[in-house]
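Me: Please take a close look at one helix here, and at what surrounds it. I am new to this structure, so keep it plain.

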Amino acid sequence: MAEHSTSYNPGTGVEKWLDERLPIIRFSKEHLMDFPTPKNLNYWWTFGAILTVMLAVQIVTGVVLAMHYAPNVALAFNSVEAIRRDVNGGRILQAVHSVGASMFFFAIYVHMFRGLYFGSYKAPREILWMLGCLIFLLLTATAFMGYVLPWGQMSFWGATVITNIFSAIPIVGDGIMQWLRGGFAVDNATLNRFFSLHYLLPFIIAAVVVLHTWALHVPGNNNPIGVEVKSSRDTVPFHPYYTMKDLYGVVLFLIPFAWFVFFAPDILGDASNYIMANSQVTPTHIVPEWYLRPFYAMLRAIDFNVLFIDSKLGGVIVMGGSLLVLFFLPWLDRSKVRSGTFRPMFKWFYWLFVLNFIGLTYLGAAPAEGIYVIIAKLCTLYYFLYFLVILPVLSRIETPRPLPASISESVLGAAH
Ligand code: HEM
């Protein structure tokens, strides 16, 4: 990693005093403002900053919502209605938080698919990638539990279906399910613990984001050509160039976010969640929010038994495996070339993988019958083939295109 020396000189006596005791200004200057950053990062690299802003937005709106929300099965549904109708600014506050969850996931998927394309998970960034995977798992759990809180029909039935799948685990399954629910069925105890954990997890995510950023700052950023930084000519200090670029990316992102909040706050949600939870009436289709559908589709795709593994347990294994496999990616793709830009065969399989994932998102809400089940099976198969077979094989057989000698050469031409 190329070094730009820090320009920090404590200007006043107070700054000097602070610098000798808690060098927080020096730290920010070295690690944020002067941090040597590849000069060729494109707008896909603004999503890290966008995600940081989204995490803050969700925490701030969530804390204020919690001041008005009542985590009790008799009151929860009406308390959310009261927030939307009676609390000052409540309509916007609630919309920002619920639309914000969707926007957060949209950003995290872009961020992850960016990493997949540009090979950002490869050495020496394996830990950075794995911490990202951990954040994704925690975010999924947080979103799932948050969705239960309004105590609508889909909240209740979603919680019932998902906690129920744990009962597929042999011997201990029923125990785990009851432990998660706090009883035999989803009820007040479930709502209470989900509220407690939904409040707690974002702060744990924030702590893991700190580790994520730390693990980023040791090797430094990857970049669109995937060639490591070789000299200080390949980098610029993070501030002001990237602070401004990130800020611009954040503002662009906030435009569709605001559009949803002001013009279509409920469009991403399910209509049946505006009916209060009723354990006697099952909705026709139980579907999670769009961002969890790819994994739900894989869970449902397994409707057959394999030897002693019944379909329910098989679904759980496949869904868990689809998340777990991400952690091993740095060791599955052994190609020496990082960026997909220089990998002619990889590109085809990558874009097919993106389409496949979008297909799974669609299938997660389609009825689990007929042709949909067959396509879901094929898509699930491709999801696993991509990681477990295609990437390892491509690493061996593909001939990559020649790489530029350095980042500055790719930006400024061979003369530099
Ligand atoms: C709350 C969620 C997250 C936040 C706030 C966050 C934040 C960031 C930031 C600020 C960066 C540097 C800027 C950039 O490259 O965009 C970054 C880089 C990175 N993140 Fe995340 N991240 C999050 C989730 C994830 C997830 C879920 C993954 C993958 C599973 C991931 C993998 C990576 C990788 C591999 C890099 C290095 C990219 C490169 O330099 O090419 N992150 N993250």
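Reply: What follows is a close look at helix H5.

The model is predicted, so local features need pLDDT of at least 70 and side-chain atom pairs pLDDT 80 or more, while totals for chains, interfaces and linings use all residues. Residues are numbered from 1 along each chain as its sequence is written, and side-chain values use heavy atoms, without hydrogens or water.

Start with the iron. His 111 and His 212 are the protein donors of the ligand's iron atom, each through NE2, at 2.1 Å. (Donors are N, O or S atoms within 2.8 Å of the metal, or 3.2 Å for Na, K and Ca.) His 111 sits in H5 (residues 90-118), His 212 in H9 (residues 188-217), and 101 residues separate the pair. (Helices are DSSP runs, H or I, of at least four residues.) The iron site has 6 donor atoms, with angles of 82 to 179 degrees, and is octahedral. (For six donors, that means opposite ones over 155 degrees apart and all others between 65 and 115.) His 111 counts as buried because its relative accessibility is 18%, under the 20% limit.

Now the spaces. H5 supplies at least two residues to the lining of the largest pocket, as do H2, H3, H6, H9 and H10. (A pocket is an open set of points on a 1 Å grid, with protein on both sides within 12 Å along at least five of seven lines; a cavity is a set where a 1.4 Å probe fits but cannot get out; lining residues have an atom within 4 Å of a point.) This pocket's volume is about 1,400 Å³. His 212 is among the residues closest to its centre. H9 gives the largest share of the lining, 9 residues.

There are also 3 cavities of 30 Å³ or more. The largest holds about 930 Å³. H5 gives the largest share of its lining, 8 residues. His 97 and Ser 98 are among the residues nearest its centre. Its lining has 27 nonpolar, 11 polar and 5 charged residues.

The second largest cavity holds about 90 Å³. H5 again gives the most to the lining, with 4 residues. Helices H13 (344-363) and H14 (371-397) each give two or more as well. Tyr 109, Met 112, Phe 113 and Leu 116 are among the lining residues. Here the lining is 11 nonpolar, with no polar and no charged residues.

Methods: Tetrahedral: all angles 85-135°; square planar, octahedral: opposite > 155°, others 65-115°. Buried < 20%, exposed > 50% of the residue type's maximum accessible area, 1.4 Å probe, protein only. Points joined across faces, edges and corners; volume = space filled by probe spheres on them. Nonpolar A, V, L, I, M, F, W, Y, C, P; charged D, E, K, R; others polar.
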